[in-house]
Amino acid sequence: MSTPLATPKLNWFSQIANPGRFLAWSKPIIVPLAVATALVFAVGLWFAFFNSPADYQMGDTVRIMYIHVPTAWLSQFVYATMFFSAIGTLVWRHPLADVSAKAAAPMGAAFTAMALFTGALWGRPTWGTFWEWDGRMTSTLILLLIYLGIIALWRTFEDQLRAARVIAVVTLVGAINIPIIKFSVDWWNTLHQPTSVLRLDGPTMPGSILTPLLVMTLAFTLLFITLHVQRMRTEILRRRVSTLERQRVMMAES
Amino acid sequence: MIALGQHADFIIWAYAGVTLGTLALIGVVIVQARMVNARLKTLEAQGIRRRSGRSA
């Protein structure tokens, strides 16, 4: 008579790393996250259009900032997510790290494209040009190209575990661009204004403009978190489908 | 709705573009999730299950 083996107690790190457990705990949080995202967007848009003044210099085009700054912030936040996922892949071989990196890349590209698009539409009436090859804009365009390169790499490899290690190295190398974007406005003479929110001496704008900016940034960040969790779930299930399809072929052959 | 001033076109285009991009992103995420779930269900209906026997 056989006795069932006792399941070893997993430490917290193993628990996080287990894709099955991730699928279990992430399922009930998707809908609340989506609802919270929608609510914060509603509040943010209300502030952006009905409860914030026109800027004394920019006029109403300041309202473009309420979608430009959050998408620009996400273009770097998503890369940071991929950066830490890459470390998780290379150092700990964390099974969810490469899933996280793969799930994030297309969203990073989308938010970077939106930041460039809204920046151009703000620049035309404010600076008189849609585009200028200055430090901030050029380094952000390079970020978009890095994202597109990483997405292409994911599609190049059949073996996704091997792809994860190669792409993790590329992601770490590409991360050099993030401080370049951040400090480009300090290092080079640029059209883009310097840092105005995250400053040691506090934001340089009044609360009436800072509030919609922060609420919209929270809304976009929640959107990314919701979509990222969902995309990770889809990627885990997609790998499961691949395994089952291989299993089916093996069953058919035997 | 407030008046958007002399540069209203730029503001409307910016919001329209981001709204379209965001909705497209959400749409793609939902469609991909449904496709993978449907494929998984089809395989399981054919009796092909993971060796560990767990289902998602």
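In this predicted model, 33 residues of chain A are in contact with 27 residues of chain B, two residues being in contact if their C-beta atoms, placed from the backbone, lie within 7 Å. Residues are numbered from 1 along each chain as its sequence is written, while chains are lettered from A in the order in which they are written. Local features need pLDDT of at least 70 and side-chain atom pairs count only at pLDDT 80 or more, whereas totals for chains, interfaces and linings use all residues.

On the side of chain A that touches chain B, the elements giving two or more residues are helix H2 (19-26), helix H3 (30-50), H4, H5 and H9 of chain A, where helices are DSSP runs (H or I, at least four residues) numbered from the N terminus. H9(A) gives the most to this side, with twelve residues. By class, the side has 17 nonpolar, nine polar and seven charged residues; Ala, Val, Leu, Ile, Met, Phe, Trp, Tyr, Cys and Pro count as nonpolar, Asp, Glu, Lys and Arg as charged, and the others, Gly among them, as polar.

From the interface we can turn to the core. The largest nonpolar core, a set of buried Ala, Val, Leu, Ile, Met, Phe, Trp, Tyr and Cys residues joined through C-beta atoms within 7 Å, has 61 residues. The elements that give it two or more residues include helix H4 (62-92), helix H6 (135-156) and helix H9 (207-253) of chain A, together with helix H1 (8-45) of chain B, and H5(A) gives the most, with 17 residues. Among the residues with the most contacts inside this core is A:Met216, which, leaving aside its neighbours within four places in sequence, is in contact with A:Gly44, A:Ala48, A:Tyr66, A:Ile67 and A:Pro70.

Helix H5 (residues 97-127) of chain A also holds A:Pro106, which counts as buried because it has 20 C-beta neighbours inside 10 Å, the cut-off for buried being 20 or more other C-beta atoms within 10 Å.

The axes of H5(A) and H9(A) come within 9 Å and cross at roughly 125 degrees, the axes being lines fitted to C-alpha atoms over the stretch in contact, with angles that run from 0 to 180 degrees between N-to-C directions. That crossing makes H5(A) oblique to H9(A), since angles under 35 degrees count as roughly parallel, over 145 as roughly antiparallel, 65 to 115 as roughly perpendicular and the rest as oblique. Residues of H5(A) that meet H9(A) include A:Val99 and A:Met107, and those on the H9(A) side include A:Phe224 and A:Ile236.

Definitions and conventions
A residue is buried if 20 or more other C-beta atoms lie within 10 Å of its own, exposed if 12 or fewer, and partly exposed in between; C-beta atoms are placed from the backbone.
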